[in-house]
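Student: Could you take me through one part of this model up close, the cavity and whatever packs around it?

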Amino acid sequence: MTFQPNLLQGQRAFVTGGGTGICRGIALELARHGCDVAITSRSSTHLDPTADEIRAMGRRAVAVTADVRDPQAVEAAVARTADELGGIDILVTGAAGNFLCMAEHLSPNGFGTVVDIDLKGTFHCAKAALPYLKRRGGVMLNISATLHYVGTPAQLHVACAKAGVDALTRVLAVEWGPYGIRVNGIAPGPIADTEGVRRLLDDASTQRAVETTPLRRLGRIRDVTDAAVFLCSDAASFIAGHTLVVDGGLWLTASRDAFAAPPEVADA
Ligand code: NAP
Ligand code: COA
């Protein structure tokens, strides 16, 4: 399916993690729909090629490095974006870290690092962008996961962080709705051709994920970008505090075998 073009004409977006994977897809799709887009992450090597692709579509792009764990760096990146693009209407928070590790082997810093990036990083971005989103109303879209809906092994750190992200989505939807800001989320299942899947699934577990998914395939980046355009657009103008699951029905099967750590990780 292809949406009518330019659903987001004239809007300005700030996308964390926008140089790679799912959030690169979202940044490009927002640009295709008429947004000027800033992307941020730690590495300009990740950001610059995507910024060039956005410019090639005739949109303005800002590539600005920042570690979302550093509130001052996030504030500076957001301020530079607002300065260069004239404001911010859409905030997409997708910067994240993940690795497989059973809880009994997870160090305090391993747990804390993922919570710092995924959850606290989302909070830092929300706080920094609020003054700009308030100016004429806007959208915050948080990229979550489904791992915490059940007890996914080797994913305690991410499950706890993303559960917090979902809580943040609901609370900020209530606090910021009166400002005309809609806060929502997307919870992807395993998405093909992404770093997330490369880190979590080997060939056998990918095959099991496909067989267990009611729609019998892995997700595609396009599946998530379509959901993102919908939630950022006026078509979702009365949706707030909702995290939209984009997983082909996988989590409903409650079979988490596909995510289980391979034996060498479980036994490490
Ligand atoms: P990815 O390409 O590795 O995306 C993660 C991004 O976060 C990278 O661009 C990375 O760029 C950035 N990042 C990491 N740490 C950062 C930090 N401290 N500060 C700023 N940026 C940071 O992975 P992906 O698989 O596409 O995942 C994207 C999002 O979807 C994540 O929120 C993930 O949890 C979620 N998700 C993915 C899947 C999946 O199947 N792939 C499933 C469910 C949910 P730098 O290295 O340049 O910093
Ligand atoms: N298993 C167990 N612990 C691990 C680990 C693994 N595979 N990888 C990292 N850790 C631990 C480290 O040992 C360290 O803890 P310690 O100090 O107790 O040893 C802690 O996590 C931080 O690791 P470090 O490498 O210093 O963190 P970083 O800030 O450089 O990188 C990560 C953050 C670990 C999340 C890194 O994988 C990353 O940058 N990921 C971004 C891309 C990504 O994960 N994409 C998928 C998104 S779904």
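**The cavity and its helix**

Tutor: Helix H4 (residues 108-136) is the top contributor to the lining of the largest cavity, giving five residues; helices here are DSSP runs of H or I with at least four residues, strands E runs with at least two, numbered from the N terminus. Mind that this is a predicted model, where local features need pLDDT of at least 70 and side-chain atom pairs pLDDT 80 or more, while totals for chains, interfaces and linings use all residues. Residues count from 1 along each chain as written, chains are lettered from A and ligands numbered from 1 in written order, and side-chain values use heavy atoms, without hydrogens and water.

The whole-structure search turns up one cavity of 30 Å³ or more, and the largest has about 40 Å³. On a 1 Å grid over protein atoms alone, a cavity is a set of points where a 1.4 Å probe fits but can't get out, and lining residues have an atom within 4 Å of a point; points join across faces, edges and corners, and the volume is the space filled by probe spheres set on them. Among the lining residues are Thr 16, Thr 93, Asp 118 and Cys 125.

As for H4 itself, it lies across strands E1 (12-16), E4, E5 and E6 (181-188), at about 170° to E4; contact means heavy atoms within 4.5 Å, and angles run from 0 to 180 degrees between N-to-C directions of axes fitted to C-alpha atoms, for helices over the stretch in contact. E4 (residues 90-93) and E5 (residues 138-143) pair in parallel over four bridges, pairing needing at least two DSSP bridges.

Notes: 1 Å grid on protein atoms, 1.4 Å probe; cavity = no way out; pocket = protein on both sides within 12 Å on 5 of 7 lines; lining within 4 Å.
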